Structure formats: C-alpha cells, structure tokens
Amino acid sequence: MTGATDSLIGAVDLGGTKILSVVVTASGEVAGEDLRPTNAEAGPDAVLGRIRDSLRAALSQAGANARLNALGVAAPGPIDFARGMVVEAPNLPGWRNVPVAARLGEMLGCPAILENDANAAAWGEFIAGAGRDARNLVYLTVSTGIGGGLVLDGTLYRGSDGAAGELGHIPLVDDGARCGCGARGCLEALASGTAIARQAAQAVADGRAPRLADLAAGGEITAEVVHQAARDGDTAARDIIDQAGRHLGSGLVAITNIFNPDLIVIGGGTAKIGPLLLDPALERLRAAALRPARDRVKVEPAALGDRAGALGVVALAREAAGRA
C-alpha cells in the first residue's frame, strides 16, 4: 500500500492479445499490476472497458483511497499523438480513429496520453533499461510483427505525423512475401514470428521438417515451436530461423546506415529465440554496414522485458501531467 495516493501514474500496454496495466508511485515503485486478455475480437468499446477494469484492479492494490493523477497508454499501430487517437491497429479489429486518450480519461477521471507501443518501449529502455548510457537509440521489437521506436539526440522522435519508426516495413525483397501492410518483401514479412511460422508451415506441408511436424501435430505452428524443433536438430527449422536472422541483419544494416545510433536494443517475444536468430543478424550487420556507423553501434537485448512499454509511457504521462 502506498501513502502517496495523489501522485500515482497509471500505464497500459495494449496488445492484440493482452492488456498489461501498471500503477506507479512518484518514486517509481510499482504499486499495482494487472494482466488480462485483450479479447480484441469484441471491438473497441469492449476493449476500452477491459482497460478501465484492468486499471481499477491494479489501482486497488495501491490502497483503498488510491486514485490516478495521470494515465499513459501504449497502443500498436499508427497513432495521432496530438489527438490521443489510434489511427489504425492491424491486430485490433475495428480500431480506426479511436479516441483512446479522451475515452479513458473520461472513464477514469484523469488526464491521459496515448503513445505508440514501440515508441513507449524505446523510451522505457532509454530512461531505465539497456539504453541509459545512450544518446541515440533505436528500439526494434521482433515479435508477431516487427516495430520500432527512435530516440534521437535524447528525444523521442515521432516524425511529422506520429508515424516514424515503422522499421518493420523497410523493403528488402521486391518479390518477397506479402506483408500485412500490403507491400511485398518488408522486413516484417521476412523476419517476424509470423514469417517464421509461415515458412515452417510450408516446410511441414512439403515434408521437409519431420521433428517440427511432430511438435506441431494437432496444434498451431509458432516461432516458439520452430525454435524447439531447431534445438532438437530439425535442419529445416534451423534453416528457417537462420534465414530470418539474415533478413533481420539486413534491417539492422539499414537502421545503422540511416540513423548512426549508439545502440540498437532488440526486444519482443521472437527475439527470445536468441543466438540462432541473432547471430546471423549480427554477422550480416558487421559485414555490410558502413563505417564509422558500424564501428560505433552496439546491439543489446532489451532489459525491461514486457514492462518496457508500460514504464516508458509512465514517464511520458508524468511529463505531460507536469506540463499541464
């Protein structure tokens, strides 16, 4: 229980499958936390209600009289930061021009801001995680899709329309696999968890991945299943991950050459595959990026895990409340 019930900041990391809500004190202590499924198929109104309930559950852990001073929400897809609106979220059905900040602020009785989830995670890693010693940081999340956030010269960079950092849509192969954005050969279409699973399903259908077929029997083929098959010696599974890693490395080359960052932080569930995916990516980076950017850049795993977005948006909400 916290005594500082008038200075609590709430944060929500909204994803296609989960809602993570955190309540933090002025000193940075986590006073309450709630995790629950998004149930995205129910639509925006139902999901906003679940966010409200999740925040209330986290807030109840902070004390009987606890209340929020401000709220930050991290959401996927392009957002309009100035208006607090989700413009479009591919993994959230029906989410187009949804005024998240205004709706949740009204529900919970406090000012609210909205930030892109990868931007929030980038800021979290910059202020409290792997990037605390960096000035120019690029955060790359490799998960179901691939996203990015940019901290340039110590400032979160959103671009002219809040759409900067869509690193998963760096075009790599002209006639490559179709991406969710509609284009072909994007980094996301070649190196994400979805891409790995798609290629693995084809390998099973072709009879090229016997161990993978055994592991996936009666269930869904995921990047985690492909990783297990590769560890068990399935050559096709290992080759699929290696190829995805090389494509990821081409993305790292582009990021390094364009932004000349001190640090690239890699997070996301698919990145947890580890060396089988990341070693070929780093090999490609070292072989193809230009000096001196190649010699400067470091690549490190995310330090804050699933809390990066929530902690980043807490800091952003606190800053916004201080300016109000």
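Buried means under 20% relative accessible area, exposed over 50%, and partly exposed in between, with a 1.4 Å probe and protein chains only. The model here is predicted: local features need pLDDT of at least 70, side-chain atom pairs count only at pLDDT 80 or more, and totals for chains, interfaces and linings use all residues. Residues are numbered from 1 along each chain as its sequence is written, and side-chain values use heavy atoms, with hydrogens and water left out.

**Exercise 1. Find the salt bridge of R291 and say how its two residues are placed: buried or exposed?**

Step 1. Get the rule straight: a salt bridge is a side-chain nitrogen of Lys or Arg within 4 Å of a carboxyl oxygen of Asp or Glu.

Step 2. R291 meets D295 that way, at 2.8 Å from N to O.

Step 3. Now check the cover. R291 has 61% relative accessibility, so it counts as exposed. D295, at 48%, counts as partly exposed.

Step 4. Look around the pair: R291 and D295 belong to a salt-bridge network that also takes in R294.

**Exercise 2. Work out which parts of the chain the D262 and D153 salt bridges link.**

Step 1. D262 pairs with R296, with 3.1 Å between the closest N and O atoms. That joins distant parts of the chain: D262 is in the loop between α8 (235–259) and β12 (263–267), while R296 is in helix α10 (residues 293–296), 34 residues apart. D262 is buried, at 18% relative accessible area.

Step 2. D153 pairs with R135, also listed at 3.1 Å, N to O. Here D153 is in the loop between β10 (146–152) and β11 (155–157), and R135 in the loop between α3 (117–128) and β9 (137–142), 18 residues apart.

Step 3. For the whole structure, the tally is 14 salt bridges.

**Exercise 3. Trace the partners of strand β4.**

Step 1. Helices (H or I, at least four residues) and strands (E, at least two) are DSSP runs, numbered from the N terminus; two strands pair if DSSP finds at least two bridges between them.

Step 2. β1 (residues 8–14) runs parallel to β4 over six bridges, with V12 partnered by V73 in β4.

Step 3. β8 (residues 112–116) is parallel to β4 too, over five bridges; A75 has N116 in β8 as its bridge partner.

Step 4. Cover: β4 (residues 68–75) has seven of its eight residues buried.

**Exercise 4. Why does β5 have one side without a neighbour in the sheet?**

Step 1. The open, antiparallel sheet of three strands has the order β5-β6-β7.

Step 2. β5 (79–80) and β7 (96–98) are at the edges with a single partner strand each, so one side of each lacks a neighbour in the sheet.
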